[in-house]
Amino acid sequence: MTLFDGIYPFYPQQKKAFVFNISTIIVIVVFLMFTCSFLLIIPGIRGRARLYWTLRVLLSLIVGVVIVAVQFTGDWETGWVTVNTSYKSFSRALVNVDIGLHVGLAGLNVTLMGNPVNQINETINYNEHFAWSFSADYDHSYSEGLERGLPSPILYVAEKFATQSPCSLQRQYRISGHYASATLWVAFCTWLISNMLFSMPVVVYGGYMLLVTGTFMIFSLLSFSTVRNTLVCPIHFGTAILRTGYGGSFWLTLAIGLLCFVAGITVVALHYFNMDLLKTFFDLHEDKAEEYQEMTEVYINPHFVNKGLFSSQPSKLNPNSI
């Protein structure tokens, strides 16, 4: 029984979106602030260097925001199934629902959507989060769900990931998620180092660090993928099976990792085969030109002219002849 618009009167509803949560939004807002700050100063950059700076900074910010944001998303692995199933325990009433499972690095979300939403005098629209990070107790969250009287399909899926479940799904996903998160944080550190190296004349080492960044991102994907090589306990709803596949965060991490590989290989190749183009892209020619033009002309002191050491007219001395 609901009070109004699916809100229960006897306990608070702490629902969490399975793709975006507060941490993800904070990460995106922080990187957007960096982007806006750069856009404010870019008019002060002259010539083609403005385009090169814009391309370098935006690509770097995209890599950084993806590395951090995907650690808090909940769609590394997703799956949906439409079934006719019982809604509550000890009830013979059947409902037609869409059941979704969304696995992240730190937990999972189970969604339940009715077809239609209003059935048997109930509003069937649930999204429950169960965390398994170091600071969270999955079994306690599951016990709270039992006390709250969550629908049977949600409890059935969550039970598969409980510690005492013979399926051992939580152990598999938890370990792989922890290793994937650790390697992503290493990738974030190497991304910071690559940006520092790109601000120095030794840009080739920045290219090497981009390759290292892409390598650790691929390692995180391999770590998460190991869970699919183990024997997974199927989640049955009658004759239907809830099957999962890689989600948006997984493929986004793969795309950014490949982008780091392409960018790193391009920088290293230009360093060995077309150094002038690399210096132009990283705006290094201007500093060299200033060094060579520090002393372009030398004027004779008139004091020496009056003494007859040189001709009566001041002359210019080419520094190349000295």
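## Sheet layout

In this predicted model, five strands form an open sheet in the order 4-3-2-1-7, and their pairing is antiparallel. Strand 4 (122-131) and strand 7 (245-246) stand at the edges; each has a single partner strand, so one side of each is left without a neighbour in the sheet.

## Strand 3 with strand 4

At one edge, strand 4 is joined to strand 3, which covers residues 107-119. The two run antiparallel and are linked by nine bridges. A pair of facing residues can be used to find this register in the structure: N109 stands opposite H129 of strand 4.

## Strand 1 and its two partners

Strand 1 spans residues 77-86 and runs antiparallel to strand 2, residues 94-103, with 10 bridges between them. Within this pairing, G79 lies opposite L101 of strand 2.

Strand 1 also pairs with strand 7, again in the antiparallel sense, over two bridges. Here E77 of strand 1 stands opposite Y246 in strand 7. Strand 7, residues 245-246, is one of the edge strands.

## Helix 4

Helix 4 comprises residues 152-160, and seven of its nine residues are buried, so the helix is largely enclosed by the rest of the structure. The cut-off for buried is under 20% relative accessible area.

The buried residues are S152, P153, I154, L155, V157, A158 and K160. An α-helix has 3.6 residues a turn, so residues three or four places apart point the same way.

How values were computed:
Residues numbered from 1 in each chain as written. Predicted model: local features only at pLDDT ≥ 70, side-chain atom pairs only at ≥ 80, totals over all residues. Heavy atoms only, no water. Pairing = 2+ DSSP bridges. Helix = DSSP H or I, 4+ residues; strand = E, 2+ residues; numbered from the N terminus. Buried < 20%, exposed > 50% of the residue type's maximum accessible area, 1.4 Å probe, protein only.
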